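Got your viewer open and a hand on the mouse? Load the model shown here and follow along, one selection at a time.

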Amino acid sequence: MRWVEVVEAEADAEVDAEAGVVMGVDRVAWVVPRPPGQEGSVSAPVVGIESRTLLDCRVIRKSVPSAAQRWSGLSNSRFSIAVTHLTFVVATFASIAQTATKVATTNSITGIAAPVLRGERMIVTVASGKGGTGKTTVAVSMALSIAADQDMTPLLLDCDVEEPNSALFLGQLVPPSAAWERRQVGQMIPEVDLDKCIYCKRCAEVCQYNAIAVVGERVLIFPELCHGCGSCTLNCPTEAVHEVLNVTGVIERVIGGPFDFAQGRMNVGEPMAVPIIRQLKQWVIPPAGSDRGHPIILDAPPGTACPVVESMSGADFVLMVTEPTPFGLHDLRMAVEVARDELGLPVGVVVNRDGVGDQGVDAYCAAENIPILMRIPLDRRIAEAYSEGQPLVEALPEYRQRFVELWRRIVECEAQG
Ligand code: SF4
Ligand code: SF4
């Protein structure tokens, strides 16, 4: 039995010290392991986070069954799992509907979405089709410049969980007294109680990802293939399957520097970055509709694969950092296809190392009606500062105002639609 501390939970949640489970809730935000005898306490209210991706314990309803549960005929634990699945499906459809609405309000000529309301949070993802274009330089410098210029504290997230590097530039900026907060994250995977198993192979049949196999009187589970869908748990006729947290990484944040900062780090050898990025965002980004108008900047991983899509998902604007070379143009095209054409997000470009290469990026942006919001020239001093872990605007303070202007232009572009 693993004991837990509920860090955030719904107001009516309570911890059963004997059973080590959380009762009376469908969702629990965060739990962390606690040693036996030190059962946790509850603080409320919650920022709702889907339970199955985070829990170190099972969420059950010990209270009198609701009408819906009686109607379903399911046991407490199965009903809870079914509710979780239903919540996930509803949230997915809501997300699709939201994206569809945003696309529907898109200007058919510019491809730019409708503006967010003033006073709401503003989320900008800094992305690029390839690595080494200067994403982190731009993201860190923009956060530092906004923090110095305006009466607000930006939030910077390093979403490149396979190889986060934004923190390298924070070294001298975060006071030693600042406390890092860390949480283990992962995915729920099945665990089988062989005493209850009748080796019927139903779990293997329903698994769409070949993550579970029954061979004779052995049940093999392959965590690296498991997507945490819960089908095996729901379909086991003897309730031999339960779920445990497979830790795949850590998310951490620090408050006390010039801007709030958070990052995720995936354990070596883990195949899936998306759940860690998703949990990082859920942890630190204030919910939609919040009146916290502070800038939120996400430093995305390189490329155009799923981790990048997750980093762009929910953003108000995507800032592409590229270099004016044929390689830069090729990867910029792919990144624009994802951000603008697939996700319906407004995009703008920063040309880094301006002066090298050719005019291909300029011609492409002009043809596609994509604004070039800033140009950073090829400058040896910038490369030297980068190699020493010094933010661009610390090494060359004259750039501060240019990054403030960059943010102003992003907000303008986003608001104009
Ligand atoms: S479905 Fe349940 S009982 Fe059947 S093989 Fe899988 S774990 Fe065992
Ligand atoms: S949780 Fe889903 S993906 Fe994982 S083993 Fe069970 S059925 Fe397969």
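What follows is a walk from the whole chain to the sheet, then to two buried residues and the two ligands.

**Stop 1: the whole chain**

Keep in mind that this is a predicted model. Show the protein as a cartoon: the chain has twelve helices and 16 strands. It runs to 417 residues, and 40% of them count as buried. If you draw the contacts between residues at least 6 apart in sequence, 72% of them join residues at least 24 apart.

Now colour by pLDDT. The average for the chain is 76, and 70% of the residues score at least 70. Select residues 1-67: pLDDT stays under 50 there, although the model has 144 contacts beyond four places in sequence for that stretch. Then select residues 87-119, where pLDDT also stays under 50 and the model has 33 such contacts. You may want to fade both stretches before going on.

**Stop 2: the open sheet**

Next, pick out the sheet. Nine strands make it up, and it is open, with mixed pairing; walking across, you pass β8, β11, β12, β7, β13, β6, β14, β15 and β16 in that order. The walk begins and ends on the edge strands, β8 and β16 (372-377), each of which pairs on one side only. From one strand to the next, the twist averages 20 degrees.

Zoom in on β11 (residues 241-254) and β12 (residues 260-266). They run antiparallel and are joined by six bridges. To see one partnership, select I251 and look across to β12: its bridge partner is G264. Then add helix α6 (residues 274-284), which packs on the sheet and touches β7 (155-158), β8, β11 and β12. The direction of α6 makes about 60 degrees with that of β11.

**Stop 3: strand β6**

Move along the sheet to β6 (122-127). How many of its six residues are buried? Six of the six. Turn the strand to check its two faces: M122, V124 and V126 lie on one side, I123, T125 and A127 on the other, and all are buried.

Now show the strands that pair with β6. Strand β13 (residues 295-299) runs parallel to β6 and is joined to it by five bridges; look for I123 standing opposite I296. Strand β14 (317-322) is also parallel to β6, with four bridges between the two. Here the pair to select is V124 and F317, which stand opposite each other.

**Stop 4: helix α8 and A335**

Bring in helix α8 (residues 326-342), which lies across β6, β14 and β15 (347-354). Its direction is at about 170 degrees to β14.

Select A335, which sits in α8. Why does A335 count as buried? Because it has 26 C-beta neighbours inside 10 Å, and 20 are enough to qualify. Leaving aside residues up to four places away in sequence, A335 touches A127, S128, G129, T304 and M320. Try a distance from A335 to G129: their C-alpha atoms are separated by 5.0 Å, though the two are 206 residues apart along the chain.

**Stop 5: P391 in its loop**

Jump to P391, in the loop between α10 (380-387) and α11 (392-395). Is this loop residue buried or exposed? P391 is buried, because 25 other C-beta atoms lie within 10 Å. Apart from residues up to four places away in sequence, P391 touches V140, S141, L144 and F169. One of these, S141, is 250 residues away in sequence from P391, yet the two are 6.3 Å apart, C-alpha to C-alpha.

**Stop 6: the two ligands**

Finish with the ligands. Select ligand 1 and its shell of 15 residues, of which the closest are C197, C200, R202, C203 and C236. By class, that shell has twelve nonpolar residues, one polar and two charged.

Then go to ligand 2, surrounded by 14 residues. The closest are C207, A211, C226, C229 and C232. Which elements each supply at least two residues of this shell? They are β8 (180-192), which you met as an edge strand of the sheet, and α5 (231-235). The shell of ligand 2 has ten nonpolar and four polar residues, and no charged ones.

Key:
Residues numbered from 1 in each chain as written. Chains lettered and ligands numbered in written order. Predicted model: local features only at pLDDT ≥ 70, side-chain atom pairs only at ≥ 80, totals over all residues. Near = placed C-beta within 6 Å. Nonpolar A, V, L, I, M, F, W, Y, C, P; charged D, E, K, R; others polar. Buried ≥ 20, exposed ≤ 12 C-beta atoms within 10 Å, placed from the backbone. Contact = placed C-beta atoms within 7 Å. pLDDT = per-residue confidence, 0-100. Pairing = 2+ DSSP bridges. Axes fitted to C-alpha atoms, helices over the stretch in contact; angles between N-to-C directions.
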